[in-house]
Amino acid sequence: MTLRPLYALSLAVALLVMGQSCAHLEMANAQQPIRLSATDPKIEYSGRWEVDDEGRVLVGYSGARARLRFEGTSLTVLIDDDSGENYAQAWVDGERQPKFRLDSEDGRYLIAEGLAPGEHTVEIMRITECFLGLTRFGGFLLPAGGEALEWGSQNDRKIEFIGDSITCGYGVEVDDPSEPFKASTENFSLGYSGLTARALDADFLVVSRSGIGMVRNYDGPREGSENTMPDVYPNTFYLNDRYQWDFERFVPDVVCINLGTNDFSTTGVDAERFVSSYVDFAAKVLERYDDAQLVVLQGPMNNHPELRAALESVLAKITPIAPDRISFLELSAQGSVGFGASYHPNRAQSRINAAELTAFLSDLMGWE
């Protein structure tokens with residue numbers, strides 16, 4: 001059977017159009033960014049985190065971070081935040097980038113563009129604290145032709161920081177003690193703990209909250225407050241008992257506890273109850289991490305003799321439990337280099353205390 005010329009021409013044109021459409025579709029797909037899900041095994045997480053029902057990675061404490069090694073000339077991170085008040089800090093190829101508030105309507109944040117071809121690294125860290133709500137990490141967008149790579153070797157040094165506002169980096173970005181708390185002036189990465197971890201090139205996990213104590217939160221009743229550190233510590237997130245933390249997921253080499261400032265901050269402290277609670281809490285930490293060193297810190301905001309005496313009693317009671325695993329470090333008191341918000345350590349004070357703790361841990365752990 002022979003096709004009539006007009007019909008044959010129409011069929012040829014249709015086939016040509018279809019071919020062009022397919023080519024255009026393939027070209028468009030080739031130009032689309034590559035979506036890397038939050039649970040992709042190439043993403044390296046630190047801190048306490050869980051996966052929600054939608055496949056996003058939840059983080060809630062200061063210092064929680066996601067790291068990725070990739071090939072590509074740009075990178076976008078996908079993040080939703082409970083409050084829109086939290087902030088994150090990024091490092092690209094080890095270089096600190098401007099921090100950013102997690103309040104984007106579409107949840108997209110361009111971290112880097114115009115990068116040279118080849119391999120790059122990115123680190124995204126939550127730098128504000130737990131009472132501002134959970135942050136939901138949705139993954140990354142790589143440019144067309146980009147590729148996620150295996151992170152590679154793991155940090156062989158691990159530190160857990162347990163503390164209060166000092167550990168969170170409360171008010172560290174300002175030099176005005178009359179300033180109240182603002183999420184915009186808090187930055188874990190500029191506090192003593194964040195600086196110490198980076199100086200030692202250590203992986204880390206943080207459980208801290210402004211105002212928290214061992215028995216009594218800031219200005220709480222003598223008989224004790226609700227939601228103190230022993231209360232919230234077993235949960236993955238602050239005031240959220242849906243997720244119970246699995247302590248085998250992060251086993252530190254050393255645990256640094258900086259608590260007591262709020263217990264002794266105003267009148268009404270029961271020193272004996274504080275000592276008893278601290279000893280019980282420290283004993284559980286030693287039991288959970290049976291090879292870890294435990295460092296009891298006296299922070300820079302309260303160097304009063306009453307707190308020092310209580311901490312000495314704690315040391316006397318817990319040292320027999322693990323004689324070769326207990327240490328004490330008093331961080332230099334603040335004041336000589338000014339104050340941050342609400343009389344908290346500023347950047348200068350945090351650098352002083354970080355240098356002290358870095359040197360102490362280097363000697364204690366044999367970390368060169």
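Biologist: In this model, how many Å apart are the mean positions of the positive and negative charges of the protein?

Modeller: The model is a predicted one, and the protein in it carries 31 positive and 55 negative charges. When the mean position of each group is taken, the separation between the two comes to 2 Å.

Biologist: Which strands lie at the edges of the open sheet?

Modeller: The protein has seven helices and 20 strands, and five of the strands form an open sheet with parallel pairing, in the order β15-β14-β18-β19-β20. An edge strand of this sheet pairs on one side only, and that holds for the strand of residues 203-208 and for the strand of residues 326-330. The edge strands are therefore β15 and β20.

Biologist: Which residue in β20 does L297 stand opposite?

Modeller: Strand β19 covers residues 293-298, and with β20 it forms a parallel pair over five bridges. Across from L297, the residue found in β20 is L329.

Biologist: At about what angle to β19 does helix α6 run?

Modeller: Helix α6, made of residues 305-318, lies across both β19 and β20. Angles here run from 0 to 180 degrees between N-to-C directions, and on that scale the helix runs to β19 at about 165°.

Biologist: What percentage of the residues in the protein is buried?

Modeller: A residue counts as buried when its relative accessible area is under 20%. Among the 368 residues of the protein, whose accessible surface comes to about 16900 Å², the buried share is 52%.

Terms used. Residues are numbered from 1 along each chain as its sequence is written. This is a predicted model: local features need pLDDT of at least 70, side-chain atom pairs count only at pLDDT 80 or more; totals for chains, interfaces and linings use all residues. Side-chain values use heavy atoms; hydrogens and water are left out. Two strands pair if DSSP finds at least two bridges between them. Helices (H or I, at least four residues) and strands (E, at least two) are DSSP runs, numbered from the N terminus. Contact means heavy atoms within 4.5 Å. Buried means under 20% relative accessible area, exposed over 50%, partly exposed in between (1.4 Å probe, protein chains only). Accessible areas come from the Shrake-Rupley method with a 1.4 Å probe; for residues, only the protein chains shown count as cover. Lys and Arg count as positive and Asp and Glu as negative; His and the chain ends are not counted. The place of a charge is taken as NZ of Lys, CZ of Arg, CG of Asp or CD of Glu.
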